[in-house]
Amino acid sequence: MPQASRLPAAGTPSTEDGAGSVRVGEGDGAAEADEALMLRFAGGDVRAFERIYDRHERAVYRFLLRSVRIPALADELLQEVWTSLIRNARGYKPQALFTTWLYRIARSRLIDHWRA
């Protein structure tokens, strides 16, 4: 698990690389860190959720599809992932990268599916 010291402070501009890692950026073109967006969403900012969803929806879908190999089932699980994220937003604590938390939710939904 990454150390908390590697995370940018809330509101610090950052950019995301292709692997989902967040790095502190400079200049007006840098995107806001996922962790900061999630904290804003937990505080009621719906636009922050939209940005998180836009950034990660396709990658999470591909992760799910690789596991279940059925597009309709991957779609259903994807909705469950985002519903769970929304339901648990107030309890989010940026102790690791946001993507670590997001993919833990996705993995849990897969485990639930395979157990059912």
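**Exercise 1. Aromatic rings**

Task: In this predicted model, find how many aromatic pairs the structure holds, and then work out how the rings of F41 and F49 are placed in relation to each other.

Solution: The structure holds 8 aromatic pairs. A pair of aromatic rings is described by the distance of the centres and the angle of the planes. For F41 and F49 the ring centres are 5.0 Å apart, and since centres within 6.5 Å make a pair, these two rings qualify. The planes of F41 and F49 stand at 40°, and because planes under 30 degrees apart count as stacked and those over 60 as edge-to-face, with the rest called tilted, the pair is tilted. The next step is to look at the surroundings of the two residues: F41 has a relative accessible area of 14%, and F49 likewise has 14%. Buried means under 20%, so F41 is buried and F49 is buried as well. Finally, ring pairs join F41 and F49 with Y53 and W82 into a cluster.

**Exercise 2. A network of salt bridges**

Task: Determine which residues are linked with E32 in a network of salt bridges, and describe where E32 and R51 lie in the chain.

Solution: Side chains of opposite charge can pair when their charged atoms come close. A search of the whole structure finds 6 salt bridges. In one of them E32 pairs with R51, the closest N and O atoms being 3.4 Å apart, which is inside the cut-off of 4 Å. This pair links distant parts of the chain, for E32 belongs to strand β3 (residues 31-32) and R51 to helix α2, 19 residues apart. The partners can also be compared by accessibility: E32, at 14%, counts as buried, whereas R51, at 33%, is partly exposed. A further salt bridge brings together the side chains of D45 and R40, with 2.6 Å from N to O. Here D45, at 23% relative accessibility, counts as partly exposed, and R40, at 31%, also counts as partly exposed. Putting the steps together, E32, R40, D45 and R51 are linked in a network of salt bridges.

**Exercise 3. Two helices and a charged residue**

Task: Decide how helix α1 and helix α4 are oriented towards each other, list the residues through which they meet, and find which residue forms a salt bridge with D34.

Solution: The axes of α1 (residues 34-42) and α4 (residues 98-115) come within 8 Å and cross at roughly 65°. Angles of 65 to 115 degrees count as roughly perpendicular, and α1 and α4 are therefore roughly perpendicular to each other. On the side of α1, the contact involves D34, E35 and M38, which meet F98, T99 and W101 of α4. Sorted by class, this contact has 3 nonpolar, 1 polar and 2 charged residues. D34 also forms a salt bridge with R55, the closest N and O atoms being 2.5 Å apart. That salt bridge connects distant parts of the chain, as R55 is in helix α2 and D34 in helix α1, 21 residues apart. D34 is buried, with a relative accessible area of 0%, while R55 counts as partly exposed at 25%.

**Exercise 4. A backbone angle in a loop**

Task: Locate R69 in the chain, state its phi value, and decide whether R69 is buried or exposed.

Solution: R69 sits in the loop between α2 (46-68) and α3 (71-87). Its phi is near 60°, a positive value in a residue other than glycine. The relative accessible area of R69 is 67%, and because exposed means over 50%, R69 is exposed.

Note on methods
Residues are numbered from 1 along each chain as its sequence is written. This is a predicted model: local features need pLDDT of at least 70, side-chain atom pairs count only at pLDDT 80 or more; totals for chains, interfaces and linings use all residues. Side-chain values use heavy atoms; hydrogens and water are left out. Axes are lines fitted to C-alpha atoms, for helices over the stretch in contact, and angles run from 0 to 180 degrees between N-to-C directions. Helices (H or I, at least four residues) and strands (E, at least two) are DSSP runs, numbered from the N terminus. Angles under 35 degrees count as roughly parallel, over 145 as roughly antiparallel, 65 to 115 as roughly perpendicular and the rest as oblique. Contact means heavy atoms within 4.5 Å. Ala, Val, Leu, Ile, Met, Phe, Trp, Tyr, Cys and Pro count as nonpolar, Asp, Glu, Lys and Arg as charged, and the others, Gly among them, as polar. Buried means under 20% relative accessible area, exposed over 50%, partly exposed in between (1.4 Å probe, protein chains only). Rings of Phe, Tyr and Trp (its six-membered ring) pair if their centres lie within 6.5 Å; planes under 30 degrees apart count as stacked, over 60 as edge-to-face and the rest as tilted.
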